[in-house]
Amino acid sequence: MVPDPEALRAHFAEPPADIALEDIELEGVPRHISCIMDGNGRWATARGLSRGEGHKAGIVSLQEVITAAVRLGVEVLSAYAFSTENWSRPKAEVNLLMRLFAKTFLEELPLLRRENVRVVFLGDLSALPSAIRETFEYGLAECEGHTGMVLALAVNYGARAEIARAARALALEVAAGERDAGSVTEDALAAHLYTAGLPDPELVIRTSGELRLSNYLLWQVAYAEFYITDTYWPDFDRWDLLRAIASFQGRDRRFGGLSA
């Protein structure tokens with residue numbers, strides 16, 4: 001995707017001392033950037049606030065990263081919003097998260113329309129409360145014809161469950177005689193994942209310093225580069241995104257081969 005030079009320069013005006021737009025190669029921006037948004041609760045606790053306030057602040061950071069990614073010409077921005085394991089959190093926190101997702105999605109529709117952003121969901125939406133699911137389905141329909149950046153939100157998502165779901169679909173096709181076992185290839189399985197049709201992430205960003213994937217995109221990130229920062233997600237901004245991209249562009253990506 002080709003960024004708008006004027007909008008890009010305006011969005012990254014007045015840079016901090018350690019990073020600027022000129023420090024990255026626009027032609028080498030990753031096609032797909034994925035964010036594991038971690039640290040909302042710890043950010044809030046450090047400030048004597050409720051965890052709910054941390055989640056609200058995290059939404060603001062996601063909004064900033066979405067806009068920055070559009071300006072940079074990123075093709076796909078994905079974000080880990082709610083995992084299958086998150087249901088084990090206190091009910092009040094889960095309910096707040098769900099309401100925040102729905103409210104924010106509706107509020108951001110004008111921005112998504114203006115920026116031509118297409119939205120897809122990764123995960124099983126059928127398990128969500130009906131009001132939340134209907135809000136998401138409405139937003140999906142509103143963005144269906146958009147041709148700009150894809151925003152892929154992982155909601156009620158677990159990578160192991162995703163892979164098992166794809167394997168079951170392939171097994172049913174074999175059992176029905178629609179394909180033979182020899183045609184069950186990597187590409188065939190990938191076509192049954194939630195991310196079918198999207199490029200695999202090239203850069204995975206995880207905030208709050210944690211060094212794990214947390215059951216996220218296990219198949220898709222096989223050759224992704226990782227950027228780990230101690231910054232909590234509510235403090236992650238456009239400049240942190242540039243820092244992550246600059247780090248990515250300094251890597252020697254060998255894909256299992258020898259370095260150049």
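## Angles first

Between helix axes, angles under 35 degrees count as roughly parallel, over 145 as roughly antiparallel, 65 to 115 as roughly perpendicular, and whatever is left is oblique. Keep that handy for the two helix pairs below. The model here is a predicted one.

## α3 against α8

Let's start with helix α3 (residues 51-72) and helix α8 (residues 238-249), whose axes come within 9 Å and cross at roughly 50°. That angle falls in the leftover class, so α3 and α8 are oblique to each other. As for handedness, α3 passes α8 in a right-handed crossing.

Who touches whom? On the α3 side you'll find Glu 64, Val 65, Ala 68, Ala 69 and Leu 72, and they meet Arg 238, Leu 241, Leu 242 and Ile 245 of α8. Sorted by class, this contact has seven nonpolar residues, two charged ones and no polar ones.

## Leu 21, a loop residue

Leu 21 sits in the loop between α1 (5-11) and β1 (32-36). Is Leu 21 buried or exposed? Its relative accessibility is 11%, so Leu 21 counts as buried.

Leaving out residues up to four places away in sequence, Leu 21 touches Leu 8, Arg 9, Phe 12, Leu 26, Leu 72 and Leu 242. Two of those names should ring a bell: Leu 72 belongs to the α3 side of the helix contact described above, and Leu 242 to the α8 side. Arg 212, on the other hand, is 191 residues from Leu 21 in sequence and 29 Å from it in space, C-alpha to C-alpha.

## α4 against α5

Next up are helix α4 (residues 91-114) and helix α5 (residues 130-142): their axes come within 9 Å and cross at roughly 15°. Because that is under 35 degrees, α4 is roughly parallel to α5. Here α4 passes α5 in a left-handed crossing.

From α4, the residues in the contact are Met 98, Arg 99, Phe 101, Ala 102, Phe 105, Leu 106, Leu 109 and Arg 113. They meet Ile 132, Thr 135, Phe 136, Tyr 138, Gly 139, Leu 140 and Glu 142 in α5. By class, that makes 10 nonpolar, two polar and three charged residues.

## Cysteines

How many disulfides does the structure hold? Zero. Cys 35 is in no disulfide, and the nearest cysteine sulfur to it, that of Cys 143, is 19 Å away. The cut-off for a disulfide is a pair of sulfur atoms within 2.5 Å, so this pair does not qualify.

Cys 35 has 2% relative accessibility and therefore counts as buried. Cys 143, at 1% relative accessibility, counts as buried too.

Notes
Residues numbered from 1 in each chain as written. Predicted model: local features only at pLDDT ≥ 70, side-chain atom pairs only at ≥ 80, totals over all residues. Heavy atoms only, no water. Axes fitted to C-alpha atoms, helices over the stretch in contact; angles between N-to-C directions. Helix = DSSP H or I, 4+ residues; strand = E, 2+ residues; numbered from the N terminus. Left-handed = near helix turned anticlockwise from the far one by under 90°. Contact = heavy atoms within 4.5 Å. Nonpolar A, V, L, I, M, F, W, Y, C, P; charged D, E, K, R; others polar. Buried < 20%, exposed > 50% of the residue type's maximum accessible area, 1.4 Å probe, protein only.
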